[in-house]
Amino acid sequence: MSDWDHFRHFMASVVGWFTTSANWTGSSGIPYLFLRQAELSLAVVLGALVVGGGIGLVLGHTGRGGLVAVNAANAARAVPTLALLTLFAIQPSISLKWGGFLAAFLALLILAIPPILTNTYVGMREVDADVRDAAKAMGLTGGQVLRRVELPLATPFLMAGIRTSSIEVVATSTLAAYVSYTDLGTPVISGLSTENTVEAFSGAILVAVLAGAVALGLGVLGRAITPLPIRHTRSGTALTTA
Amino acid sequence: MSTATPFFKWGYVTSQWGQISSDLLQHIALTLLAVAIGTVLSIPLAMLAWRYRAVRTPIFGIASALYIIPSLALFAILGPITGYVASYPTAEIALVGYTLLILIWNTVAGLNAVPAEAREAATAMGYSRNAALLRVDLPLALPYIFAGLRVATATVIGLVTVTALIGLGGLGQQITYGFTIGFNTPIIVGLVFSVALAAVFDLLIVGVQRLAVPWTRSSRRARVV
C-alpha cells in the first residue's frame, strides 16, 4: 500500500472511531469524559481565581511584594507538570480521594495560580497613580477605590491571566489521565500505551478542539467584559503550556 | 507513604547517578535542538510577518494553533504523520512548535519597538527597506528576541518531561519511573533537576545577551499574546 492509501485507511478508522456509538455512551463515552474534564478544569480555575486573584489584588492595592508577584508566572513555567501530578498521585492520603480528583486538582491548582496572580498584580499596578489619587480625593475609601476604580481598569490583565491559566489547566488535565483521573486524556493515554494510534489520534483531536475552544471563547469573553473605554489596551504576560 | 520510608532518599541520587546524568544529558539535547530549530525558523518568519501584512495572519494562526494544542495530544496527532509516535521527530516537531509563537511574538514586538529615528537614519544613509530590516531593525530588536528565547527555553525544558509518555523524556523518565513504582525520590529528582536546568539556561542566555547586546543592561520582560 502507498502512503496515501495508509493515510486514507487511517482517517477512515478515525471516522469509524468517532461514529462508533459505544464511544458516545456510558462512563467511557465522549460526553462523560468531556464533563469530567470540564468539572476538573472549572474547579481548578475557580480555586486559582480565589487564591491567585485574591493575593494579586491585595499585593497590587498595597503595592507590596511586587518582585514575588511579577516573577511567579515565569518561575512556575519551569516546573514540570508531570512531576506534580505523579507526586500527588502516589501519596496514599491524596490519591485515594475522589477517584484521583484531589491529586489532579492540587497539582493543577499550583500551576493555575501564578499566571492569575502575576497578571492581577501587574494590572493593578498599571492603574494610573493620578486616577487613584483622584478617586481618593473624591472621598472614596480604600475598598471603594479597589472595587470601583482599580478592579475595572485591571480587567484586561485579570482576564488575560484567567485565559492563560485556563488554557494551561485544560491542557494539563489531559495529563491527569496518566495518573488515573478519567477525562478526554484517557483515550489518548490508553491509545498511546496500547499502540492504538486511531484511539490516541481521535482523543487528541477532541482535546485539541476543546483547548482551542477555551482559548477562543475566553478571548471573546475577555473583550466583552472589559469596560468600553479601555478595550484597545493590549495586555497579558507570557503563556505557559503543559 | 508508609511510615518506614522517608519522603526523599539521598541514597537513590548517589547510587543511580549514572542514569540520572544520562537522563539529564538527553534532556539538554532535546531542549537545545528544539530551541535552536525554533530560533532559526522564527526569526525569518517574524521578519516576514512584520514586513508583509498578508502573511501575518497565517503565520500567527499556525503558530498559535501549535501552541494551544496540549503536548500529549500533539504527540498523538503527529505520530501517524511522522510514522511513529515514540520517536525523536515527533517529540522535536512538537517542542519546536511550542517555541514558534513565543519567539515570533517577541521578535515582532522587538521590531515594532525600534525607534522611528533609527529607521529614518538608515533610509537617509541609503539602506533599502530590506537591508535596513536585516542590519538596523533586527539588531535593535535583539533585547526582545533574547527575552523570547528565555521564555521559550524554560517552556521547552518543562515540556521535555512530557515526552517521557512517548518513551523519551530526559528527566521525565525519572518522573514516570517514580510514579510506576510508587517512589517519591525519582519524581523529586526529575522536578528539582528540571527547575535547576531552567535556571542555569536562563543565566547562560542572560550572559550571552550581555555580550551580544551590551547597550542594554536591563532585560526586558517578554510578552506573549
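Visitor: What makes two residues count as being in contact?

Guide: Two residues are in contact if their C-beta atoms, placed from the backbone, lie within 7 Å. Keep in mind that this is a predicted model. By that cut-off, the contact takes 40 residues from chain A and 40 residues from chain B.

Visitor: Which elements give two or more residues to the side of chain B that touches chain A?

Guide: In chain B they are α3 (53–68), α4 (71–82), α8 (142–160), α9 (172–181) and α10 (184–212).

Visitor: What makes a residue on that side of chain B nonpolar, polar or charged by class?

Guide: Asp, Glu, Lys and Arg count as charged, and Gly is among those that count as polar. Sorted this way, the side of chain B that touches chain A has 28 nonpolar, 11 polar and one charged residues.

Visitor: How do you know which residues A:Ala211 touches?

Guide: The 7 Å cut-off between C-beta atoms decides. Leaving out residues up to four places away in sequence, A:Ala211 touches A:Ile167, A:Val170 and A:Ala171, along with B:Ile68, B:Ile69 and B:Pro70.

Visitor: Why is the largest set of such residues called a nonpolar core?

Guide: The name applies because its members are buried residues of kinds such as Ala, Leu and Ile, joined through C-beta atoms within 7 Å. The largest core has 135 residues, and A:Leu85, A:Ala211, B:Ala76 and B:Ile104 touch the most other members. Helix α5 (residues 88–112) of chain B gives this core its largest share, 14 residues.

Visitor: And how many helices and strands does chain A have?

Guide: Chain A has 10 helices and zero strands. Of its 242 residues, 48% count as buried.

Notes. Residues are numbered from 1 along each chain as its sequence is written. Chains are lettered from A and ligands numbered from 1 in the order in which they are written. This is a predicted model: local features need pLDDT of at least 70, side-chain atom pairs count only at pLDDT 80 or more; totals for chains, interfaces and linings use all residues. Helices (H or I, at least four residues) and strands (E, at least two) are DSSP runs, numbered from the N terminus. A residue is buried if 20 or more other C-beta atoms lie within 10 Å of its own, exposed if 12 or fewer, and partly exposed in between; C-beta atoms are placed from the backbone.
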